[in-house]
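Let's take a slow walk through a protein model, going from the whole chain down to single residues. Keep the picture in view as you read.

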Amino acid sequence: MNAPDQPDIDLTRRQEPLSLTDIGQAFGLSSRGAVYRWHKPPGQSAMDGRPPATRPALHAVAEALGTPLDPALAASARPRFPVGVVLALGKALGYLDADGRIVEELRGKGRGRWLPAAPTIDPATRNRRVYTNHLAAALGIGNEAIERSLTRGTLTAPDGTDELDRNFWWAPTANAILTDHARRRNEEPDTTKFF
């Protein structure tokens with residue numbers, strides 16, 4: 001998708017709606033598969049007849065932003081999405097930084113439920129979302145320790161899940177976790193690690 005001679009799409013300057021291929025190129029993805037799933041969930045037959053658990057990410061972000069989408073868009077073979085929706089989704093998922101530029105560490109990132117390199121921005125509230133890897137790094141532990149603590153109930157439950165069903169904490173909650181952790185160790189909280 002992103003051939004070496006094909007320049008990245010600069011979403012901060014773009015005004016016309018983007019196709020799924022354009023979105024993948026703007027996010028530095030190597031295929032269109034993920035972008036297609038953000039537009040249209042798997043068919044019910046692929047999910048044993050159950051409806052999808054969540055709305056497709058592009059549609060959920062448009063709704064969160066209050067951006068109306070054409071009802072025919074869901075059935076369209078060549079959908080195009082407003083730049084504002086694409087920018088907000090890229091920031092929410094961690095493909096784009098706060099300025100709308102591609103996060104270089106993720107260029108060509110493969111499949112899987114990877115975690116964002118930096119806290120992301122919620123499209124509806126514009127608040128910062130902190131993920132397991134960020135909290136683990138600030139606490140000086142591994143991601144697995146966070147997961148074990150959540151399972152045992154010894155860590156504050158996540159505030160929610162994002163468009164890809166990844167757990168996150170709002171920045172104030174994450175900062176409270178860091179403060180509580182330091183106090184249990186009889187230390188002063190290191191505010192330089194705050195989000």
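Before the tour, some ground rules: this is a predicted model, where local features need pLDDT of at least 70, side-chain atom pairs count only at pLDDT 80 or more, and totals for chains, interfaces and linings use all residues. Residues are numbered from 1 along each chain as its sequence is written, and side-chain values use heavy atoms, with hydrogens and water left out.

**The whole chain**

The protein chain has seven helices and six strands. Here helices (H or I, at least four residues) and strands (E, at least two) are DSSP runs, numbered from the N terminus. If you follow the sequence from start to end, the pattern reads β-α-α-α-β-α-β-β-α-α-β-β-α.

How much of the chain is buried? Of its 195 residues, 41% are buried. The cut-offs go by relative accessible area: buried means under 20%, exposed over 50%, and partly exposed in between, using a 1.4 Å probe and protein chains only. The chain exposes about 10,800 Å², and carbon and sulfur atoms supply 49% of that area. Accessible areas come from the Shrake-Rupley method with a 1.4 Å probe; for residues, only the protein chains shown count as cover.

Now for contacts, meaning heavy atoms within 4.5 Å. Among contacts with a separation of 6 or more, 49% join residues 24 or more positions apart.

**Helix α3 and its surroundings**

Find helix α3, residues 57-65, where Ala57, Leu58, His59, Val61 and Ala62 are buried. These buried residues pack against α1 (20-26), α2 (33-39), β2 (80-81) and α4 (83-93). Just past the end of α3 sits Gly66, with a positive phi of about 75°.

How do you describe two helices that pack together? You give the angle between their axes and the distance between the axes. The axes are lines fitted to C-alpha atoms, for helices over the stretch in contact, and angles run from 0 to 180 degrees between N-to-C directions.

For α3 and α4, the angle is about 110° and the axes are 9 Å apart. That makes α3 roughly perpendicular to α4. (Angles under 35 degrees count as roughly parallel, over 145 as roughly antiparallel, 65 to 115 as roughly perpendicular and the rest as oblique.) On the α3 side, the contact uses Ala57, Leu58, Val61, Ala62 and Leu65; on the α4 side, Gly84, Val85, Val86, Ala88 and Leu89. Sorted by class, that contact has nine nonpolar, one polar and no charged residues. As for the classes, Ala, Val, Leu, Ile, Met, Phe, Trp, Tyr, Cys and Pro count as nonpolar, Asp, Glu, Lys and Arg as charged, and the others, Gly among them, as polar.

**A second helix pair**

Next, look at helix α5 (residues 132-139) and helix α7 (residues 171-184), which pack at an angle of about 25° with their axes 11 Å apart. So α5 and α7 are roughly parallel to each other. In α5, Leu135, Ala138 and Leu139 meet Ala174, Ile177, Leu178 and His181 of α7. That contact of α5 with α7 has six nonpolar, one polar and no charged residues.

**Three residues, three sets of neighbours**

Now zoom in on some single residues. The contacts listed here leave out residues up to four places away in sequence.

| Residue | Place | Relative accessibility | Contacts |
|---|---|---|---|
| Ser19 | strand β1 (residues 18-19) | 16%, buried | Pro79, Arg80 |
| His39 | helix α2 | 2%, buried | Leu20, Pro56, Leu58, His59, Leu73, Ala74, Ser76, Pro79, Phe81 |
| Thr161 | strand β5 | 43%, partly exposed | Arg166, Asn167, Phe168 |

Thr161 has one more detail to offer: Arg129 is 32 residues away from Thr161 in sequence, and their C-alpha atoms are 9.6 Å apart in space.

**Two unusual backbone angles**

Most residues other than glycine have a negative phi. Which way does Arg126 go, positive or negative? Arg126 has a positive phi of about 70°, although it is not a glycine. You'll find Arg126 in the loop between β3 (120-121) and β4 (128-131), and at 54% relative accessibility Arg126 counts as exposed.

Asp165 also has a positive phi, near 65°. The loop between β5 (160-161) and β6 (167-170) holds Asp165, which is partly exposed at 34% relative accessible area.
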